[in-house]
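Please open the structure in your viewer and keep the selection panel within reach. We will go from stop to stop, with something to select at each one.

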Number of protein chains: 2
Amino acid sequence: MEKEVKKISIAVIKRLPKYHRYLGELIQKDVEKISSRKLSEMMGLTASQIRQDLNNFGGFGQQGYGYNVKDLYREISKILGLHNKYNFVIIGAGNLGQAIANYHGFSEKGFHLKGIFDINPKIIGMKIHEVQVMDIDKLEEFIYTENIDIAVICVPKENAQEVADRLNKTNIKGIWNFAPVDLRVRKDTVLEQVHLSDSLLTLSYKINEKLLQERQEKIRQRRDIPGHPLKSIKT
Amino acid sequence: MEKEVKKISIAVIKRLPKYHRYLGELIQKDVEKISSRKLSEMMGLTASQIRQDLNNFGGFGQQGYGYNVKDLYREISKILGLHNKYNFVIIGAGNLGQAIANYHGFSEKGFHLKGIFDINPKIIGMKIHEVQVMDIDKLEEFIYTENIDIAVICVPKENAQEVADRLNKTNIKGIWNFAPVDLRVRKDTVLEQVHLSDSLLTLSYKINEKLLQERQEKIRQRRDIPGHPLKSIKT
DNA sequence: TAGATTGTTAATCGATTAACAATC
DNA sequence: TAGATTGTTAATCGATTAACAATC
């Protein structure tokens with residue numbers, strides 16, 4: 001009777017923004033329809049996976065035809081919650097905070113920057129992207145009066161948890177954290193962590209792995225070719 | 001005979017930086033040893049998973065004791081390739097490029113910023129974090145003469161692939177891409193993409209999901225409590 | 001209609017968790 | 001020695017891929 005709300009796996013959710021991005025590009029290229037097969041080739045996934053993913057949310061396609069690009073884009077936008085408008089603040093007006101403040105892509109998607117906060121008196125009062133930098137003391141009040149949904153944390157890692165603790169006492173809905181720590185937040189607050197360093201270390205791992213492979217390859221060649229040429233030939 | 005190089009799964013690799021981070025913090029707190037159990041509680045993983053992960057690379061622990069924090073940290077550093085030093089350049093000296101240039105955490109880990117490139121004549125010649133912004137025309141030459149290992153792409157998405165194409169003709173080892181496009185690179189070049197927008201959309205999904213749940217919850221309450229109180233009681 | 005392509009079920013694959021003997 | 005905790009095998013769980021009937 002009750003409509004079963006089946007839990008969507010995080011793996012699927014993480015792919016949705018990518019679908020959204022590719023469909024957006026297809027719209028710009030005036031492509032009207034797309035098959036799971038063609039989309040899979042563009043995105044580097046399997047067609048089967050795409051159909052499975054989309055069918056978590058409903059049958060958006062049509063047999064023998066494929067998917068209507070605009071419709072599918074709209075559906076995924078809605079699944080991602082992009083039909084809502086979100087007000088957000090940035091906490092920490094350093095380089096990263098400024099970079100995010102100046103990025104135009106977010107407002108296009110319905111995320112509106114309402115305020116920037118910092119603790120440094122030299123920065124407070126400055127204007128970044130039409131928005132004043134305010135004293136962090138005013139944070140809680142501002143969140144309340146301006147109906148802020150999302151806080152973006154761009155402070156040093158030493159202060160990040162303390163900022164999160166303050167946010168935990170407000171009715172903020174989501175926290176987007178760029179400080180390299182895993183924040184503890186209230187259970188009903190949504191948290192998305194961006195660990196840039198982790199990403200760099202992953203890159204480092206892959207580079208090193210490739211170096212090791214190349215080194216192995218060289219050793220193998222040296223051993224095989226000059227001394228024992230027959231060794232390298234399968235009989 | 002040949003030492004089997006077993007392929008480590010991407011899921012494991014993506015957890016390594018997190019291990020590294022937590023172990024680094026334990027060292028700072030002068031913690032000498034740690035069990036998989038305690039580490040699992042700190043990190044929000046299972047102890048079993050931690051032991052499985054680490055045993056991909058070797059038996060770093062000791063039965064009845066646990067893991068020596070410093071030793072394990074060193075081992076993971078090595079697995080991540082952090083015993084190497086990397087030279088990197090930033091391409092695109094906008095806010096994000098500057099933010100990365102000014103972030104000190106990278107040099108601590110052995111990543112050295114050697115140059116910043118931009119196409120804008122107004123920016124070329126400026127100094128950011130002791131490093132001169134150079135004309136993008138000089139990119140290839142600089143990569144060659146300065147032994148650059150990694151290029152960080154911080155240009156607008158329209159120009160990102162064209163930068164990648166130029167990098168593909170050099171002997172660069174890795175590309176760290178912040179432009180919101182999936183770059184095509186040479187097969188022997190390592191690529192790590194950071195899609196900030198994707199992360200924001202994931203946050204949006206989760207916030208919206210929570211809103212929907214709350215709304216459902218309210219409907220359920222309204223239906224159950226005033227009209228048919230017995231409905232909500234299991235018999 | 002015939003061809004194309006979805007939606008969906010079943011099979012496979014891989015990752016996580018559980019269990020426990022080995023051993024410090 | 002007894003207790004603790006690893007390393008490792010086996011069991012479980014979940015995600016991806018394959019297959020194909022439904023249907024446009």
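The tour below starts at the DNA, moves on to two helices, and ends with a few single residues. Keep in mind throughout that this is a predicted model.

**Stop 1: DNA strand C and its surroundings**

Select DNA strand C together with the 24 residues around it. Which of these come nearest? They are Ser36(A), Gly61(A), Ser48(B), Gln52(B) and Gln62(B). Colour this surface by residue class and you will find 3 nonpolar, 18 polar and 3 charged residues.

Now show the secondary structure. Helix α3 (47–55) of chain A and helix α3 (47–55) of chain B each supply at least two residues of the surface near the strand. The biggest contribution is that of α3(B), with 4 residues.

Turn to the DNA side next. Of the strand C atoms within 4 Å of the protein, 57% belong to sugar or phosphate, and the rest belong to bases.

Three distances deserve a label here:

- Thr46(B): an N or O atom of the side chain is 3.0 Å from a phosphate oxygen of strand C.
- Ser48(B): a side-chain N or O atom is 2.7 Å from a base nitrogen of strand C.
- Gln52(B): a side-chain N or O atom is 2.5 Å from a base oxygen of strand C.

**Stop 2: helix α2 of chain A**

Select residues 36–43 of chain A, which form helix α2. Ser36(A), already met as one of the residues that come nearest to strand C, is buried here along with Leu39(A), Ser40(A) and Met43(A). Why do these sit on the same side of α2(A)? They cover an arc of only 105° around the axis, so they share that side.

Rotate to the other side of α2(A), where Arg37(A), Lys38(A) and Glu41(A) are exposed. To see what covers the buried residues, add elements of chain A including α1 (10–28), β1 (33–34), α3 and β2 (67–68). Just after the helix, pick Gly44(A), which takes a positive phi of about 75°.

**Stop 3: helix α8 of chain B**

Select residues 157–168 of chain B, the 12 residues of helix α8. At 1.5 Å a residue this helix should span 16 Å, and its end C-alpha atoms are 17 Å apart, which agrees.

Buried in α8(B) are Ala160(B), Gln161(B), Val163(B), Ala164(B), Leu167(B) and Asn168(B). Their arc around the axis is only 160°, so they lie on the same side of α8(B). Among the elements of chain B that cover them are β3 (86–91), α7 (139–145), β7 (150–153) and β8 (174–177).

**Stop 4: Ser77 of chain B**

Move to helix α4 (residues 69–79) of chain B and pick Ser77(B). Is Ser77(B) buried or exposed? It is buried, with a relative accessible area of 12%. A polar atom of the Ser77(B) side chain lies 2.8 Å from the backbone oxygen of Tyr73(B). Leaving aside neighbours within four places in sequence, Ser77(B) is in contact with His20(B), Leu82(B) and His83(B).

**Stop 5: two loop residues with positive phi**

Finish with Asp30(B), in the loop between α1 (10–28) and β1 (33–34) of chain B. Its phi is positive, about 60°, although Asp30(B) is not a glycine. Asp30(B) is exposed, with a relative accessible area of 69%.

Then select Glu130(B), in the loop between β5 (127–128) and β6 (131–135) of chain B. Glu130(B), also not a glycine, has a positive phi near 70°. With a relative accessibility of 73%, Glu130(B) counts as exposed.

Terms used:
Residues numbered from 1 in each chain as written. Chains lettered and ligands numbered in written order. Predicted model: local features only at pLDDT ≥ 70, side-chain atom pairs only at ≥ 80, totals over all residues. Heavy atoms only, no water. Expected span 1.5 Å × (residues − 1). Buried < 20%, exposed > 50% of the residue type's maximum accessible area, 1.4 Å probe, protein only. Arc of directions from axis to C-beta. Contact = heavy atoms within 4.5 Å. Near = heavy atom within 4 Å. Polar contact = N/O pair within 3.5 Å; in protein donor to acceptor, adjacent residues only side chain to side chain. Nonpolar A, V, L, I, M, F, W, Y, C, P; charged D, E, K, R; others polar.
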